[in-house]
Protein chains: 2
Amino acid sequence: MKIKGFKTAAVAAGIRYADRLDLGLIFSETPVVTAGAFTTNQVKAAPVVLDMERLKQGKAQAILINSGCANACTGENGMLAAIATGECAATALGIAPEMVQISSTGVIGEQLNVSAIVKAMPELVAKLSADNFDQVAKAIMTTDTVSKTASRSVMIGEQEVHFVGMAKGAGMIMPNMATMLAFVLTDAQISFRQLHGALLKGVERTFNRITIDGDTSTNDMILVMANGAAGNPWIDEGASDYQDIFQQTLEDLLKDLALQIVADGEGATKFITIRVCGAREEMDAEQIARTVANSSLVKTAFFGEDANWGRIIAAMGRSGVRFCPERVDIAFDDVVIVENGLGQGKEAEKSATAILKEKNILVTIDLKDGRGCAEVYTCDFSIDYVKINADYRS
Amino acid sequence: MKIKGFKTAAVAAGIRYADRLDLGLIFSETPVVTAGAFTTNQVKAAPVVLDMERLKQGKAQAILINSGCANACTGENGMLAAIATGECAATALGIAPEMVQISSTGVIGEQLNVSAIVKAMPELVAKLSADNFDQVAKAIMTTDTVSKTASRSVMIGEQEVHFVGMAKGAGMIMPNMATMLAFVLTDAQISFRQLHGALLKGVERTFNRITIDGDTSTNDMILVMANGAAGNPWIDEGASDYQDIFQQTLEDLLKDLALQIVADGEGATKFITIRVCGAREEMDAEQIARTVANSSLVKTAFFGEDANWGRIIAAMGRSGVRFCPERVDIAFDDVVIVENGLGQGKEAEKSATAILKEKNILVTIDLKDGRGCAEVYTCDFSIDYVKINADYRS
């Protein structure tokens with residue numbers, strides 16, 4: 001995966017563990033239009049605060065990413081560390097420090113190993129090439145079991161425009177932007193305003209609709225860099241057809257990455273789509289879908305392959321959204337297990353249980369109360385989730 | 001445990017399993033002042049709906065309780081089943097049907113085994129005696145590993161007033177009344193208005209401050225019956241000293257029962273108190289404490305005996321309450337692990353880790369921003385929680 005004009009590199013800097021890729025760099029030959037979306041958690045890691053400030057200019061030239069340490073809750077020293085590592089990269093690359101975005105993931109509350117990053121910088125910069133995108137995707141992994149990348153291309157006017165993206169996820173994932181790290185590169189020619197709008201809209205319907213455990217992190221962010229190398233007709237205000245094509249393609253790529261995160265949720269054995277329709281408003285549908293998707297009791301039932309729809313309806317009931325329980329239908333794939341609030345008996349349950357043995361399960365909840373629909377994507381809650389999170393730091 | 005004027009009984013009716021106490025009865029010789037608090041879940045089981053309606057009269061004479069079936073999401077048949085079993089008890093007891101409260105716990109969505117209950121009624125009523133309180137406490141258990149009872153006595157005026165209570169809990173427990181079944185009997189002489197007020201106020205600071213898994217049930221309720229046999233000076237409007245004594249004693253009993261529920265949380269290995277102080281308002285303190293107490297990542301870290309305070313501060317950050325992260329102190333028992341938002345280093349972490357090996361842990365979070373304080377009680381999130389809930393119905 002590559003986009004003309006961008007180079008990438010990754011090295012094992014020994015930030016937390018030896019001999020493990022943990023430092024990545026994305027570099028553009030020139031400053032390019034860059035937009036970001038950041039965690040809504042009130043406690044923001046130093047690099048998040050720094051990046052948000054720097055991105056007011058709407059431009060960047062490099063992204064320095066480390067795993068092994070979140071650099072969150074680290075006070076003034078944490079901010080100095082973020083600035084220092086950014087400056088080190090800027091110097092090595094011969095660019096302005098403000099053009100560097102910093103991104104960190106890992107344990108909260110520990111000071112960043114600045115000297116390890118400084119020491120690794122010459123090798124990192126020397127390794128920059130068009131072909132290391134997958135290496136960077138590996139370097140940003142924490143409890144992820146696989147690296148996550150996706151690419152798309154689309155015609156805008158007469159030109160083919162390309163997108164490549166990477167993401168990391170696994171734990172601390174819950175709707176409410178931004179719940180992981182993701183980086184997208186494109187050669188589209190687009191204004192900052194359009195790029196930023198497309199990103200926020202896309203995130204709302206993709207990354208903000210996935211949940212692993214209901215927790216949101218201090219560090220999460222998604223950045224999109226657009227260098228214009230495709231030479232497509234400018235996507236700017238007024239060019240609404242092009243904007244739509246761009247939006248759809250970006251959103252499709254974001255959804256691909258978001259669903260990869262769910263499929264690789266910590267300890268996950270099932271991929272579950274909760275689709276709520278027939279709500280009065282889309283917002284209501286989303287709220288119910290989220291409450292169901294975050295219920296520990298629902299998630300453990302899926303792990304146990306138990307068609308325990310009572311837990312689904314109980315979770316719906318505490319969502320805060322008004323609905324009529326006597327009108328609710330629930331289906332697992334195409335098996336209707338609840339109709340008008342009533343269980344459909346042993347046979348339906350047997351068929352539903354068979355479906356729960358699959359890896360991908362669609363739960364459809366129909367409130368029959370309006371046209372509001374929404375999907376939220378989640379995974380089951382397994383013994384391994386507890387194991388992974390009981391000794392994450394060791 | 002007994003209160004003069006009340007009789008109790010329990011039998012194995014075979015509602016779901018054979019040879020297991022699953023049907024209980026509490027009976028008062030005369031109709032007595034009775035107050036209730038009920039689940040806030042929008043999806044309410046048939047007996048909850050029935051009881052709420054009947055308790056408008058402020059009186060009851062019997063409580064019929066079954067485990068093994070929640071009689072929730074069972075439609076008209078469910079309501080007919082609740083009414084029928086209540087009538088069966090009323091006839092056997094020779095009292096008016098409206099004087100019977102019904103309470104069910106177990107799997108949602110299955111029809112109640114009415115014939116099993118009807119068949120067991122003669123034996124149940126025949127067994128009524130002053131000495132079976134503990135048997136009823138056993139009959140209401142589901143995934144509970146121990147039965148939960150408590151008693152108190154207090155002087156009101158010249159008379160000694162007595163309280164006995166029982167509860168069941170284990171899963172689907174989360175603040176927002178009412179998150180389990182609990183029944184309290186007292187010989188206090190008190191008006192309905194004062195009893196109801198004392199119950200709601202007491203529940204707010206006890207049962208509404210515990211959480212196992214963030215889920216709330218369709219069935220939960222607490223009922224208090226007061227028969228006046230103690231002959232204490234009437235607790236009524238104007239008798240505010242007596243009201244205070246009554247309130248404190250009832251609340252103390254409720255807290256005892258509530259904490260027993262947490263200690264017996266599904267799969268729990270730790271009892272954790274999250275105390276938030278220094279908030280602008282008590283409501284804010286409570287909101288933060290709840291968010292931390294419900295975080296799967298925090299709870300799995302406690303299970304792993306990992307002093308991972310980063311997860312605590314990350315959960316605080318998504319609570320929706322504004323606070324200054326740079327001012328936050330966090331202590332495990334008396335070990336300060338975070339001061340002004342910064343980790344206190346390896347030594348403090350080592351001491352904190354030692355504390356995490358205990359069964360009872362107090363986490364104190366100081367926001368240093370005001371006088372609002374609140375405590376929420378929870379347990380850790382263990383491998384056994386997942387195991388229990390993955391095959392609850394089998």
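## A predicted two-chain model, from one residue outward

With 22 C-beta neighbours inside 10 Å, Val321(A) counts as buried, because the cut-off for a buried residue is 20 or more. The model that holds this residue is a predicted one. Val321(A) sits in the loop of chain A that runs between H9 and strand E11 (329–332). If neighbours within four places in sequence are left aside, the contacts of Val321(A) are Asp284(A), Gln287(A) and Ile288(A). Arg280(A) is 41 residues away from Val321(A) in sequence, and the two C-alpha atoms are 9.7 Å apart in space.

### Chain A as a whole

Chain A contains 11 helices and 15 strands. Along the principal axes, its C-alpha atoms fill a box of roughly 70 × 55 × 35 Å. A compact globule of 394 residues would have a radius of gyration near 21 Å, and the 22 Å of chain A agrees with that. Of the 394 residues of chain A, 61% count as buried. Contacts between residues at least 6 apart in sequence can be sorted by separation: in chain A, 80% of them join residues at least 24 apart.

### Two domains in chain A

The domain assignment divides chain A into domain 1 (6–262) and domain 2 (271–390). The centres of the two domains, taken over C-alpha atoms, are separated by 33 Å. Where domain 1 of chain A and domain 2 of chain A meet, 10 residues come from domain 1 and 11 residues from domain 2. On the domain 1 side, strand E8 (210–211) and helix H6 (240–263) of chain A each supply at least two residues. That side of domain 1 is made up of 5 nonpolar, 4 polar and 1 charged residues.

### How the chains meet

Which operation lays chain A on chain B? A turn of 180° with a shift of 0.0 Å along the axis does so, with an RMSD of 0.0 Å. This is the relation of a two-fold axis. Ile383(A) is the residue of chain A that comes closest to the rotation axis, with its C-alpha at 2.6 Å.

The contact between the chains takes 49 residues from chain A and 48 residues from chain B. In chain A, the elements giving two or more residues to this side are helix H8 (296–303), helix H9 (309–317), strand E13 (342–343) and helix H11 (383–390). H9(A) provides the largest share, 7 residues. By class, the side of chain A that touches chain B has 20 nonpolar, 20 polar and 9 charged residues. Of the interface residues of chain A, 98% are also interface residues in chain B, so the copies meet through the same surface.

### The nonpolar core

In soluble globular proteins, nonpolar side chains tend to be buried together. The largest nonpolar core here has 274 residues, and the members that touch the most others are Ala62(A), Val276(A), Ala62(B) and Val276(B). Beyond neighbours within four places in sequence, Ala62(B) is in contact with Leu25(B), Ile26(B), Phe27(B), Ala89(B), Leu93(B), Ile95(B), Met99(B) and Val100(B).

### Individual residues

Val48(B) belongs to helix H1 (residues 46–54) of chain B. Apart from neighbours within four places in sequence, the contacts of Val48(B) are Phe38(B), Thr39(B), Asn219(B) and Met221(B). Cys373(B) lies 325 residues from Val48(B) in sequence and 33 Å from it in space, C-alpha to C-alpha.

Lys368(A) is in the loop between strand E14 (360–366) and strand E15 (372–379) of chain A. Phi of Lys368(A) is near 50°, a positive value in a residue other than glycine. Asp19(B), also not a glycine, has a positive phi of about 55°. The loop that holds Asp19(B) joins strand E1 (6–11) and strand E2 (23–38) of chain B.

The table gives the C-beta neighbours of these residues.

| Residue | C-beta neighbours within 10 Å | Class |
|---|---|---|
| Val48(B) | Val48(B): 27 inside 10 Å | buried |
| Lys368(A) | Lys368(A): 14 inside 10 Å | partly exposed |
| Asp19(B) | Asp19(B): 7 within 10 Å | exposed |

Why does Lys368(A) count as partly exposed? Its 14 neighbours fall in between the limits, because a residue is buried at 20 or more and exposed at 12 or fewer.

Conventions
Residues numbered from 1 in each chain as written. Chains lettered and ligands numbered in written order. Domains from an automatic or database assignment. Contact = placed C-beta atoms within 7 Å. Helix = DSSP H or I, 4+ residues; strand = E, 2+ residues; numbered from the N terminus. Nonpolar A, V, L, I, M, F, W, Y, C, P; charged D, E, K, R; others polar. Core = buried A, V, L, I, M, F, W, Y, C linked by C-beta atoms within 7 Å. Rg over C-alpha atoms; globule rule 2.2 N^0.38 Å. Least-squares fit on C-alpha atoms with pLDDT ≥ 70 in both.
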